[in-house]
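Got your viewer open? Let's take a short walk through this model, one selection at a time.

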Amino acid sequence: QKRLKGIEKDLPHGTQRGLQRIAQFAARQYLIQAQRAGLNPSGASGAPLFRNTRAVKLGDDWGVVMPIHGVMQDQMIPHWVTVRKSATLTKWAKQHGYKSWHIYTSPHPFINNANRVIGKNVKPIMEQEINKVLKRNS
């Protein structure tokens with residue numbers, strides 16, 4: 001009886017810790033997969049592109065917050081960009097040998113790859129946290 005009361009008391013804390021670890025793992029995976037997709041983590045302008053990608057507590061649950069431009073890089077429709085609009089883009093185009101006034105941009109899909117890796121690791125992470133609770137109370 002006493003052991004069950006300890007498990008009953010500690011299990012919600014263990015599941016919350018598991019959710020937190022899953023969210024932290026997910027945030028890291030989004031950053032890793034973005035780099036593998038060819039996105040420069042510091043961005044073309046030198047400003048950190050994914051600086052605020054992190055795990056956050058959302059009410060009773062945990063989630064991952066990512067700047068909107070990270071999602072836009074994943075889901076944008078391929079399109080032409082005029083080089084003259086941006087001084088940074090003009091400088092970049094000259095460095096890379098572009099002579100035209102237009103550059104064709106395409107998306108860098110990374111979110112689905114990250115979700116695949118996260119999905120494979122959710123169960124082991126949660127089991128590890130619950131086993132810690134059970135081990136403490138045995």
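Start by selecting Glu-127, a partly exposed residue with a relative accessible area of 41%. Keep in mind as you look around that this is a predicted model. Now add Lys-123, whose side chain meets that of Glu-127 in a salt bridge, 4.0 Å from N to O. The two sit about one helical turn from each other, because they are four residues apart in helix α4. Lys-123 counts as exposed, at 58% relative accessibility. If you wonder why such pairs turn up, side chains of opposite charge can pair when their charged atoms come close.

Stay in helix α4 and pick Glu-129 and Lys-132, which are three residues apart there, about one turn of the helix. Their side chains also meet in a salt bridge, this time 3.4 Å from N to O. Is Glu-129 buried or exposed? Glu-129 is buried, with a relative accessible area of 4%, while Lys-132 is partly exposed at 41%.

Leave Glu-129 selected and add Arg-21. These two form a salt bridge as well, with their closest N and O atoms 2.8 Å apart. Arg-21 lies in helix α1 and Glu-129 in helix α4, so this pair ties together parts that are 108 residues apart in sequence. Arg-21 itself is partly exposed, with a relative accessible area of 23%. Show Arg-21, Glu-129 and Lys-132 together and you have a network of linked salt bridges. The total count of salt bridges comes to three.

Next, move along helix α1 to Gln-33. Gln-33 counts as buried because its relative accessibility is 7%, and the cut-off for buried is under 20%. What does Gln-33 touch, leaving out residues up to four places away in sequence? Select Phe-110, Asn-113, Ala-114 and Val-117 to see those partners.

Phe-110 leads on to the next stop, the largest nonpolar core, which has 14 residues. Among those with the most contacts inside this core are Tyr-30, Ala-34, Phe-50, Phe-110 and Ile-118. Helices α1 (2–36) and α4 (111–136) are the elements that give two or more residues to the core.

Now zoom out and color by secondary structure: there are four helices and four strands. Follow the chain along its sequence and the pattern reads α-β-β-α-β-α-β-α. Buried residues make up 27% of the 138 residues in the chain. Finally, switch on the surface: the accessible area is about 9,700 Å², and 55% of that belongs to carbon and sulfur atoms.

Technical notes. Residues numbered from 1 in each chain as written. Predicted model: local features only at pLDDT ≥ 70, side-chain atom pairs only at ≥ 80, totals over all residues. Heavy atoms only, no water. Core = buried A, V, L, I, M, F, W, Y, C linked by side-chain atoms within 4.5 Å. Buried < 20%, exposed > 50% of the residue type's maximum accessible area, 1.4 Å probe, protein only. Areas by Shrake-Rupley, 256 points an atom, 1.4 Å probe, with all protein chains shown as cover. Contact = heavy atoms within 4.5 Å.
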